[in-house]
Amino acid sequence: MKEMVQLFFTFLKIGIFTFGGGYAMIALLRDEFVTKKKWIDHDTFIDMVAISESTPGPIAVNSATYIGYQTAGGWGAFVATVAVCIPSFSIIYVISLYFDRFLELTYVGYALEGIQACVVYLIFSAAVRMTKEVCHTLFHKMIVILVFAAMLLFSLLSVSFSAVFYIGICGLAGVAQYLAGSVCKRRSEK
């Protein structure tokens with residue numbers, strides 16, 4: 001029961017202080033669950049990020065569900081998911097009541113512009129940190145470089161290419177590498 005309460009309040013805190021969605025939340029999740037609480041290890045965290053990005057739904061909700069399940073089973077998944085959703089739901093509900101008046105406030109516009117800059121930094125720092133931790137082999141480094149180059153090229157040429165395709169292509173490359181490694185291993189055993 002103590003673990004459930006701690007899980008609830010931890011995700012409630014993360015939900016309150018995370019602006020910019022799930023990508024901005026990744027750095028906070030890593031610091032909280034891998035570094036401070038040590039509820040999951042680094043490899044499990046990387047798996048969580050990959051699964052949260054590739055499954056349908058918001059990354060924040062998928063991450064909360066995954067970490068909740070890893071730490072406390074089905075009820076942990078439920079508690080973490082509800083906790084991370086409460087702040088966003090509450091804030092959006094209050095804003096919807098006064099939406100027109102809210103947008104007219106000058107300071108609200110300034111605050112949102114400041115938050116945008118912070119979100120860009122959070123996403124960038126999480127990406128840099130994860131790249132350093134994941135890129136152990138030449139294959140991983142090549143994937144990161146190729147995806148970055150493709151994203152940059154498509155952005156400069158204004159080509160519409162969905163992030164889903166990047167994820168799918170990298171997933172297929174990972175499966176191909178795994179299968180190639182399995183074939184080589186079987187050959188060396190013979």
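A crossing of two helices is called left-handed if the near helix is turned anticlockwise from the far one by less than a right angle, and right-handed if the turn is clockwise. In this predicted model, H1 passes H4 in a right-handed crossing.

**The pair H1 and H4**

Helix H1 covers residues 2-17 and helix H4 covers residues 59-97; their axes come within 8 Å and cross at roughly 40°. H1 is therefore oblique to H4, since angles under 35 degrees would count as roughly parallel and those from 65 to 115 as roughly perpendicular. The contact between H1 and H4 comprises 16 nonpolar, 5 polar and 1 charged residues.

**The largest pocket**

The largest pocket holds about 1,700 Å³ of space. Its lining is made up of 39 residues, and those closest to the pocket centre are Glu-53, Met-130, Thr-131, Val-144 and Val-147. Two or more lining residues come from each of H2, helix H3 (42-54), H6, helix H7 (138-156) and helix H8 (163-189). By class, the pocket lining divides into 26 nonpolar, 9 polar and 4 charged residues.

**The largest cavity**

The model has 1 cavity of 30 Å³ or more. The space in the largest cavity amounts to about 30 Å³. Its lining is formed by Ile-26, Ala-27, Arg-30, Ala-126, Arg-129 and Met-130. Helix H2 (22-36) and helix H6 (106-134) each contribute at least two of the lining residues. In terms of class, 4 residues of this lining are nonpolar, none is polar and 2 are charged. Met-130 is named in the cavity lining and also among the residues closest to the centre of the largest pocket.

The table sets out the residue classes for the three sites described above.

| Site | Nonpolar | Polar | Charged |
|---|---|---|---|
| Contact of H1 with H4 | 16 residues | 5 residues | 1 residue |
| Lining of the largest pocket | 26 residues | 9 residues | 4 residues |
| Lining of the largest cavity | 4 residues | no residues | 2 residues |

**A residue of helix H6**

Helix H6, which supplies residues to the lining of the cavity, also contains Val-108. Val-108 has a relative accessibility of 14% and so counts as buried, the cut-off being under 20%. Between Val-108 and Leu-7 there is a separation of 101 residues in sequence, and the C-alpha to C-alpha distance in space is 32 Å.

Conventions: Residues are numbered from 1 along each chain as its sequence is written. This is a predicted model: local features need pLDDT of at least 70, side-chain atom pairs count only at pLDDT 80 or more; totals for chains, interfaces and linings use all residues. Side-chain values use heavy atoms; hydrogens and water are left out. On a 1 Å grid over the protein atoms alone, a cavity is a set of points where a 1.4 Å probe fits but cannot get out, and a pocket is an open set with protein on both sides within 12 Å along at least five of seven lines; lining residues have an atom within 4 Å of a point. Grid points are joined across faces, edges and corners, and a volume is the space filled by probe spheres set on the points. Helices (H or I, at least four residues) and strands (E, at least two) are DSSP runs, numbered from the N terminus. Ala, Val, Leu, Ile, Met, Phe, Trp, Tyr, Cys and Pro count as nonpolar, Asp, Glu, Lys and Arg as charged, and the others, Gly among them, as polar. Axes are lines fitted to C-alpha atoms, for helices over the stretch in contact, and angles run from 0 to 180 degrees between N-to-C directions. Angles under 35 degrees count as roughly parallel, over 145 as roughly antiparallel, 65 to 115 as roughly perpendicular and the rest as oblique. Buried means under 20% relative accessible area, exposed over 50%, partly exposed in between (1.4 Å probe, protein chains only).
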